[in-house]
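Me: I have a structure open here and would like to go through it. Can we take it one topic at a time?

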2 protein chains.
Amino acid sequence: MTQAKNRQILLAARPSGAPTAENFDLVEREVPTAGPGQMLLRTLFLSLDPYMRGRMNDGPSYAEPVAVGGVMTAGTVCEVVESKLEGYTAGDIVLAGSGWQDYALSDGEAVRKLDPDAGPLSYALGVLGMPGFTAYIGLLHIGQPKAGETVVVSAASGAVGSVVGQIAKLKGCRVVGVAGTPEKCDYVTQELGFDVCVNYKDADFADQLAAACPDGIDIYYENVGGAVFQAVVPLLNTWARIPVCGMIAHYNATALPEGPDRTPLLMRNILTKRLLVRGFIIFDHYADFPAFFSEMTAWLKDGSVRYREDMVEGLETAPEAFMGLLEGRNFGKLVVKVAGPSS
Amino acid sequence: MTQAKNRQILLAARPSGAPTAENFDLVEREVPTAGPGQMLLRTLFLSLDPYMRGRMNDGPSYAEPVAVGGVMTAGTVCEVVESKLEGYTAGDIVLAGSGWQDYALSDGEAVRKLDPDAGPLSYALGVLGMPGFTAYIGLLHIGQPKAGETVVVSAASGAVGSVVGQIAKLKGCRVVGVAGTPEKCDYVTQELGFDVCVNYKDADFADQLAAACPDGIDIYYENVGGAVFQAVVPLLNTWARIPVCGMIAHYNATALPEGPDRTPLLMRNILTKRLLVRGFIIFDHYADFPAFFSEMTAWLKDGSVRYREDMVEGLETAPEAFMGLLEGRNFGKLVVKVAGPSS
């Protein structure tokens with residue numbers, strides 16, 4: 001650790017549209033020293049997730065934006081290098097939110113110790129962490145699936161969608177995935193056990209989706225927005241539920257799509273079909289995390305939930321990997337391996 | 001009753017856009033005779049409501065359309081003229097759905113006896129009937145108002161909106177109405193006790209609405225859609241609820257509004273503010289009608305809910321009155337007085 005530097009990736013400038021390399025800045029700083037009540041964390045794994053695009057924008061949202069010149073935010077799995085904080089000792093592995101950097105100080109706020117024997121450490125950033133929990137809450141609390149219902153999941157091979165669909169299968173639903181390549185669709189049906197998966201890039205996507213949902217749609221788990229959402233709306237059944245988790249198709253948009261304004265069409269469907277449309281942000285729900293964690297651990301153990309990571313190596317790869325995530329170039333949960341544990 | 005004819009107003013042709021006189025046909029038929037298990041009803045009052053515009057269209061919705069050449073549907077208050085149906089005798093007053101005509105046969109299905117001493121008979125078509133119940137369910141079951149919250153109600157002087165706002169006041173909310181004339185706004189604040197009422201036809205409507213909601217909007221009771229909805233969305237607070245009851249601004253539309261497509265803006269608000277948007281159709285909720293009826297009867301009696309009817313006379317006035325309803329020309333609950341009781 002002697003001579004170590006702390007590499008940080010900063011938000012260099014706010015993007016207009018899709019982020020580019022110019023929006024990020026890789027700098028080297030001194031590794032900080034833990035003061036009383038602090039510990040020094042070293043990043044092992046860094047999670048890249050679509051919500052981070054929103055943090056690059058200014059303006060009010062559910063969370064503070066990253067400041068220009070600030071370190072990009074991210075969930076991380078870290079090793080405690082040095083601790084002057086009660087309850088933590090060097091070598092502990094923790095889940096933190098220390099961002100796109102090698103090292104960070106922490107006072108223990110919003111940090112949770114991980115059990116290194118509970119599974120691969122990086123799973124705490126995916127199927128056993130925020131994305132898996134997001135899938136679980138949105139599907140079960142808002143969607144409330146019943147056996148025999150049809151559930152459509154967008155971004156079906158991704159960190160959230162893959163888990164949504166597998167839980168829906170466990171609940172006895174017919175599950176239709178939507179993904180962006182034939183390989184992803186094959187994975188979703190053959191490995192994850194969805195009943196069908198439709199490629200939204202196909203010219204006849206809307207027809208394929210309709211054919212895949214002969215009994216209509218009872219739950220649409222919304223991760224993407226855009227053309228997928230427009231194809232879903234006419235297929236929704238009376239009493240259908242739409243947990244709104246994300247809208248990745250719009251995150252890089254610099255203007256609203258061309259008209260006509262389809263809002264009245266959506267509202268008319270909401271009215272006449274008695275739809276429930278509900279947005280949620282996962283950090284409101286952590287009281288239910290223990291129940292999720294124990295169920296998901298069991299599902300992983302008995303093989304009823306499978307999980308795929310798209311692991312890239314090196315902190316410096318994070319900007320490019322993140323840009324790819326926004327275009328659907330990842331395949332599985334995108335994680336950056338920043339460093340190995342010290343022992 | 002000798003020589004009486006049964007005047008009926010038929011759907012002559014499906015409207016494209018706003019209905020015109022040509023879409024209706026007034027015909028005279030023989031008064032039918034009650035067979036075994038039937039009773040003959042004579043219409044006293046006929047309710048005109050925005051939902052009827054939807055029944056004039058073809059195509060799937062939550063209820064069957066009126067057939068071309070069929071009698072226009074409506075809720076009615078009727079007197080039993082003759083009964084061969086157990087439990088009913090001549091002179092009984094009933095709530096029925098016998099439509100735009102003087103007489104109708106009934107087998108008692110979807111008919112309810114009214115207590116002539118419970119208040120003016122026509123109230124069963126308004127504050128004590130479907131519109132009042134719609135206000136109650138949408139606000140209380142979906143909106144779930146809490147004291148101190150801000151509730152915005154569109155079509156605030158109308159049959160539903162006027163009741164929504166008054167119940168919200170009873171629950172301790174700040175209530176902001178939206179209506180279409182200065183006279184309606186004065187009525188809403190001075191007679192109904194809303195805190196503020198804003199005229200959506202004013203050029204600076206969106207600014208006025210924002211000024212009227214300094215703490216944002218916690219519940220938006222949606223009756224109209226259109227420009228009012230667009231002005232509401234940016235003012236919604238985190239956790240706001242939108243019961244979707246109607247969209248009268250769009251009922252006569254022949255095409256979607258010009259772009260851009262604002263759907264992503266709405267969905268982004270739903271997501272980041274964790275909004276609940278829920279449509280409902282009142283006939284799903286009649287199990288709760290007795291609770292509503294007893295509460296509303298008490299509120300009317302003690303003066304905490306006030307009610308205004310816009311009463312027009314004569315079955316033949318119904319088409320013109322209905323066209324006016326869709327343009328906001330009524331002031332209060334629109335009811336057609338078709339005939340007086342026989343005694």
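**Between the chains**

Reply: Chain A and chain B bury about 3400 Å² between them, and carbon and sulfur atoms give 68% of that area. Keep in mind that this is a predicted model.

Me: How many residues of chain A and chain B are in contact?
Reply: On chain A there are 39 residues in contact, and they meet 39 residues of chain B.

Me: How many salt bridges and polar contacts cross that interface?
Reply: The rule finds two salt bridges across the interface of chain A and chain B. One salt bridge links the side chains of A:Arg274 and B:Asp284, at 2.8 Å from N to O. There are also 10 residue pairs in polar contact across this interface, with both residues at pLDDT 80 or more.

Me: Which elements of chain A give two or more residues to that side?
Reply: They are α6 (226–232), β12 (236–244), α7 (263–272) and β13 (276–279) of chain A. The most comes from α7(A), which gives nine residues to the side touching chain B.

Me: And what is that side of chain A made of, by class?
Reply: It divides into 23 nonpolar, eight polar and eight charged residues.

Me: Back to β13(A). Which strand of chain B do its bridges join it to?
Reply: β13(A) is joined by three bridges to strand β13 of chain B, residues 276–279, and the two run antiparallel. Within that pairing, A:Val277 has B:Val277 in β13(B) as its bridge partner.

**Inside chain A**

Me: New topic. Which domains does the assignment give for chain A?
Reply: Domain 1 covers 5–126 + 308–337, and domain 2 covers 130–283. Taken over C-alpha atoms, the centres of these two domains of chain A are 28 Å apart.

Me: How many residues of the two domains are in contact?
Reply: In chain A, 20 residues of domain 1 are in contact with 14 residues of domain 2. The two domains bury about 1400 Å² between them, with 63% of it on carbon and sulfur atoms.

Me: What is the count of salt bridges between domain 1 and domain 2 of chain A?
Reply: Zero salt bridges are counted between domain 1 and domain 2 of chain A. The count of residue pairs in polar contact between these domains is four, with both residues at pLDDT 80 or more. On the side of domain 1 of chain A that touches domain 2, the residues are 10 nonpolar, six polar and four charged.

Me: How many salt bridges does the structure hold over all chains?
Reply: Over all chains, the structure holds 26 salt bridges. Among them is the pair A:Arg7 and A:Glu316, whose closest N and O atoms are 3.0 Å apart.

Me: Where do A:Arg7 and A:Glu316 lie, and what does the pair tie together?
Reply: A:Arg7 is in strand β1 (residues 5–11) of chain A, while A:Glu316 is in the loop between β14 (309–313) and α9 (318–326), so the pair ties together parts 309 residues apart in sequence.

**Backbone details**

Me: Last topic, the backbone. Which residues of chain A are joined by a cis peptide bond?
Reply: A:Gly259 and A:Pro260 are joined by a cis peptide bond, with omega about 5°. A:Pro260 sits in the loop between β12 and α7 of chain A.

Me: What about the bond from B:Gly259 to B:Pro260, cis or trans?
Reply: That bond is cis, with omega near 5°. B:Pro260 is in the loop between β12 (236–244) and α7 (263–272) of chain B.

Me: And A:Gln144, is its phi positive or negative?
Reply: A:Gln144 has a positive phi of about 45°, although it is not a glycine. Most residues other than glycine have a negative phi. A:Gln144 is in the loop between α2 (130–143) and β8 (150–154) of chain A.

Key. Residues are numbered from 1 along each chain as its sequence is written. Chains are lettered from A and ligands numbered from 1 in the order in which they are written. This is a predicted model: local features need pLDDT of at least 70, side-chain atom pairs count only at pLDDT 80 or more; totals for chains, interfaces and linings use all residues. Side-chain values use heavy atoms; hydrogens and water are left out. Domain bounds come from an automatic or database domain assignment. Contact means heavy atoms within 4.5 Å. Buried area is the accessible area (1.4 Å probe) that two parts lose on being put together, summed over both. A salt bridge is a side-chain nitrogen of Lys or Arg within 4 Å of a carboxyl oxygen of Asp or Glu. A polar contact is a pair of N or O atoms within 3.5 Å; within protein, one must be able to donate a hydrogen and the other to accept it, and residues adjacent in sequence count only if both atoms are side-chain atoms. Ala, Val, Leu, Ile, Met, Phe, Trp, Tyr, Cys and Pro count as nonpolar, Asp, Glu, Lys and Arg as charged, and the others, Gly among them, as polar. Helices (H or I, at least four residues) and strands (E, at least two) are DSSP runs, numbered from the N terminus. Two strands pair if DSSP finds at least two bridges between them.
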